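Trainee: I would like to go through this model term by term. Can we take each label and ask what stands behind it?

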Amino acid sequence: MSLLEVDGLTKKFGGLVAVDDFSFDVEEGEIVGLIGPNGSGKSTVFNCIMGLYDVTDGSITFNGDDITDDATHEVVNKGLSRVSQESNPIQEMPVAGNIKLFTLPNSIRSFYGGASEEEIYEYAARIDIEDKLHEMPSELPHADVRRLEIAKSLATEPELMLLDEPFAGMNQAEIAELADQIEGFREEGMTMIVVDHNMGGLMELVDRIVVLNNGDFLAEGTPEEIAENERVQEAYLAGEGL
Ligand code: ADP
Ligand code: MG
């Protein structure tokens with residue numbers, strides 16, 4: 001049994017088929033890259049897994065449990081979390097409060113009013129923003145806002161974390177640092193799916209890449225295999241390159 005099994009996932013928005021009969025599995029401990037040109041359906045797959053979109057057809061199984069029709073808070077309580085492509089911190093709250101809010105969906109912690117200050121410090125420290133806990137999100141540089149989004153996700157104690165374009169807008173040094181941190185999460189036992197529109201940050205990081213194109217499964221393989229795959233290269237020709 002794989003940790004995550006997505007089977008025949010289909011998502012339609014009216015007449016638009018955003019994801020079409022798409023299947024892939026993720027094994028425990030893996031880092032899987034999910035790539036595809038812009039608009040190919042990557043974020044929609046994440047939204048379906050997280051219970052944010054109703055699935056048109058297909059099934060999603062996590063730890064052997066059918067989560068296809070679960071609400072988001074149920075999915076989060078079962079050990080899944082997602083870092084959105086867009087950052088959306090609450091601007092009126094410092095970094096610490098933004099992280100604390102994400103410890104509330106857990107029913108036991110919610111009873112106690114969320115995580116303690118020490119726990120929040122630990123989440124921030126795992127992504128190196130522990131010295132920013134009292135700053136407001138608007139005071140942070142872009143890369144730290146993205147790190148805050150990851151800290152919020154860590155605060156739900158995920159077993160499987162979905163990262164949607166985590167490297168977007170970062171410079172090379174920031175990308176390398178974040179890739180190291182993602183490796184560190186794996187060493188701590190986390191499984192991850194990293195979405196990107198091209199292979200840039202993923203080449204050294206992921207075990208395996210799954211390629212989506214126009215909502216369809218296009219290819220799967222090691223980063224080296226995908227980099228050389230002609231069908232993948234063709235799919236990227238119109239856009240900004242693989
Ligand atoms: P990607 O993340 O690969 O760039 P998306 O999953 O965001 O692609 O989008 C896939 C397709 O689904 C696009 O055509 C997009 O316009 C459409 N889509 C995504 N979300 C919605 C929505 N909430 N309502 C209507 N169409 C949507
Ligand atoms: Mg997207």
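Mentor: We start with the ligand shell, then turn to burial, the sheet and the domains. Keep in mind that this is a predicted model.

Trainee: Which residues are around ligand 1, and what makes them count as near?

Mentor: The residues are Phe13, Leu16, Ala18, Gly36, Asn38, Gly39, Ser40, Gly41, Lys42, Ser43 and Thr44. The test is a C-beta atom, placed from the backbone, within 6 Å of the ligand. These residues make up the shell around ligand 1.

Trainee: Which elements give two or more residues to that shell?

Mentor: Strand 2 (16–26) and helix 1 (42–49) do. The largest share, three residues, comes from helix 1.

Trainee: How does the shell around ligand 1 divide by class?

Mentor: Seven of its residues are polar, three are nonpolar and one is charged. Gly counts as polar here.

Trainee: Why is helix 1 called mostly covered?

Mentor: A residue is buried if 20 or more other C-beta atoms lie within 10 Å of its own. In helix 1, eight of eight residues are buried, so "mostly covered" applies. They are Lys42, Ser43, Thr44, Val45, Phe46, Asn47, Cys48 and Ile49.

Trainee: What follows helix 1?

Mentor: Gly51 does, and its phi is positive, near 75 degrees.

Trainee: How do you know that strand 1 and strand 4 pair?

Mentor: Pairing needs at least two bridges found by DSSP. Strand 1 (residues 4–13) and strand 4 (residues 57–62) have five, so they pair, and the sense is antiparallel. One example of a bridge partner is Thr61 in strand 4, which is matched with Glu5.

Trainee: What is the order of the strands in the sheet?

Mentor: The order is 2-1-4-5 in an open sheet of four strands, with antiparallel pairing.

Trainee: Why do strand 2 and strand 5 count as edges?

Mentor: Strand 2 and strand 5 (65–66) each have a single partner strand, so one side of each has no neighbour in the sheet.

Trainee: Which domains does the assignment give?

Mentor: It gives domain 1 (1–79 + 158–242) and domain 2 (91–157). Their C-alpha centres lie 24 Å apart. The contact takes 10 residues from domain 1 and 10 residues from domain 2.

Trainee: Which helices supply at least two residues on the side of domain 1 that touches domain 2?

Mentor: Helix 2 (72–77) and helix 7 (172–187) do. Helix 2 gives the most, with three residues. By class, that side of domain 1 has five nonpolar, four polar and one charged.

Technical notes. Residues are numbered from 1 along each chain as its sequence is written. Chains are lettered from A and ligands numbered from 1 in the order in which they are written. This is a predicted model: local features need pLDDT of at least 70, side-chain atom pairs count only at pLDDT 80 or more; totals for chains, interfaces and linings use all residues. Domain bounds come from an automatic or database domain assignment. Two residues are in contact if their C-beta atoms, placed from the backbone, lie within 7 Å. A residue is buried if 20 or more other C-beta atoms lie within 10 Å of its own, exposed if 12 or fewer, and partly exposed in between; C-beta atoms are placed from the backbone.
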